[in-house]
Amino acid sequence: MSGEISLEVLVTPADRRAALERDVRVGLGAGDKVLPPVWFYDETGSRLFDEITRLPEYYPTRTEAGILRAHAADMVAASGADVLVELGSGTSEKTRLLLDAMTAAGSLRQVVLLDISEEVLVEGAAALRERYGVDVHAVVGDFRLHLEALAKGERRLWAFLGSTIGNFRPDERRRLLGELAGAMADDDHLLLGTDLVKEPERLVAAYDDERGVTAAFNRNVLAVLNRELGGDLVPERFVHRAVWDPVAEWIEMRLRSTACQVARLDRLGLEVAFEEGEEILTETSAKFRPAGVVAELATAGLREEVAWSDPDGDFRLGLSRRGSHAA
Ligand SMILES: C[S@@+](CC[C@H](N)C(=O)[O-])C[C@H]1O[C@@H](n2cnc3c(N)ncnc32)[C@H](O)[C@@H]1O
């Protein structure tokens, strides 16, 4: 088996530009300033995120990988899957632990990767094809829009790792998980990675590292706006902030304007004024409690069958399938 790569583009550069224009008009045009985190991930942003995952302060990737290393064989056996579908796949590094287990079980037939960032997706797909000699279908898409467009199948294991689900607010999570449940077949399983609530100091440090990589990642969104929308935002005039909200139980990443300033976005014909100290909310990263995850899955029509955690209870991976808890 040598395997082939097929590439499907559901988000063209023109679609991406139109969505960015819409988000910037809405998010920076009036009121509290906000940008959705999807715009972090151009090529530079994806590389910076990869660097973040290796920082000493950033425990989630290491911890999730540790859980996968310890339990991937059980996850694969419990799912009975022969196709792995990964949402927001990025570099697909941790995914290899699942694919190793599927290979050892002799069940690996196909990999489907979906990510908004084409460069990282294509590289990740090539690396997996080479390592496993398996067919890899790479989809440039938005998992908020394109789950139904993924080819139907059964006995698929849908991996949604990295606590990416935490980047969505509760109502968006409800919608996304509901759509995921709708796209899954009865024999499919979802493996969902969620970062758990812990001491605020550790959470804040994970999003505000000493070397300033997360700050560079955060500010990179301004470079994306400059390049795509003919902007003149000066990244050095914004400082990175990571703030824990103990009520909502999420980390907010923000960019705070260090001066009273006006930036132009020529392609939108938009001028954006910032007061000194005014902030753009660029990401929320919700932290979860196990019972809350189970409840959110249940609301979406998914029943969690089994879950694994690390000894310190920092991170959690749960395996669910369609169905109600009463069933
Ligand atoms: C937090 S990173 C996680 C990457 C990897 N799964 C991991 O666990 O390390 C989020 C990934 O999701 C992708 N992404 C973010 N928003 C997306 C969207 N709306 N649709 C598809 N991919 C998205 C990004 O390009 C990035 O690769």
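**Two sheets, two domains and a ligand**

Let me start with one pair of residues, Arg303 and Arg321, since Arg321 in strand 14 is the bridge partner of Arg303. I should say straight away that what we are looking at is a predicted model, and everything I describe today should be taken in that light.

That arginine pair belongs to a longer run of pairing, in which strand 13, residues 302-309, and strand 14, residues 315-322, run antiparallel and are joined by 7 bridges. The two strands form a hairpin with 5 residues between them, and in the turn Gly313 has a positive phi of about 70°.

If we now step back from the hairpin, we find strands 13 and 14 at one end of an open sheet of 8 strands, whose order is 1-5-4-3-6-7-14-13 and whose pairing is mixed. Strand 13 is an edge strand of this sheet, as is strand 1, residues 5-9, and each of them pairs on one side only. From one strand to the next, the twist averages 20°.

Helix 4, residues 95-104, packs on this sheet, where it touches strand 3, strand 4 and strand 6, and its direction makes about 175° with that of strand 3. Helix 5, residues 118-132, lies across strand 1, strand 4 and strand 5, and runs at about 175° to strand 5. Strand 4, residues 110-115, and strand 5, residues 135-140, are parallel to each other and joined by 6 bridges, with Leu113 having Ala138 in strand 5 as its bridge partner.

Let me turn to the other open sheet, which has 4 strands in the order 2-12-9-8, again with mixed pairing. Its edge strands are strand 2, residues 33-34, and strand 8, residues 238-245. Strand 8 runs antiparallel to strand 9, residues 250-257, and 8 bridges join the two; here too an arginine faces an arginine, with Arg254 in strand 9 as the bridge partner of Arg241. Helix 8, residues 213-229, packs on this sheet and touches strand 8, strand 9 and strand 12, while its direction makes about 115° with that of strand 8.

There is also a hairpin made by strand 10 and strand 11, with 4 residues between the strands and with Gly269 in its turn at a positive phi of about 60°. Strand 10, residues 261-265, and strand 11, residues 270-274, pair in the antiparallel sense over 5 bridges, and Val262 stands opposite Ala273 in strand 11.

How do these pieces divide into domains? The domain assignment gives domain 1 as 31-55 + 208-286 and domain 2 as 58-199 + 288-322. Taken over C-alpha atoms, the centres of domain 1 and domain 2 are separated by 27 Å. The contact takes 16 residues from domain 1 and 13 residues from domain 2. On the domain 1 side, the elements that give two or more residues are helix 2, residues 43-52, and strand 12, and helix 2 gives the most, with 5 residues. The residues of that side divide into 7 nonpolar, 4 polar and 5 charged.

I will finish with the ligand, which is surrounded by 20 residues, the closest being Tyr41, Gly88, Gly90, Ile116 and Gly162. By type, the shell divides into 7 nonpolar, 9 polar and 4 charged residues. Which domains supply that shell? At least three of its residues come from each of domain 1 and domain 2.

Methods: Residues are numbered from 1 along each chain as its sequence is written. This is a predicted model: local features need pLDDT of at least 70, side-chain atom pairs count only at pLDDT 80 or more; totals for chains, interfaces and linings use all residues. Two strands pair if DSSP finds at least two bridges between them. Two residues are in contact if their C-beta atoms, placed from the backbone, lie within 7 Å. Axes are lines fitted to C-alpha atoms, for helices over the stretch in contact, and angles run from 0 to 180 degrees between N-to-C directions. Domain bounds come from an automatic or database domain assignment. Ala, Val, Leu, Ile, Met, Phe, Trp, Tyr, Cys and Pro count as nonpolar, Asp, Glu, Lys and Arg as charged, and the others, Gly among them, as polar. A residue is near a molecule or strand if its C-beta atom, placed from the backbone, lies within 6 Å of it.
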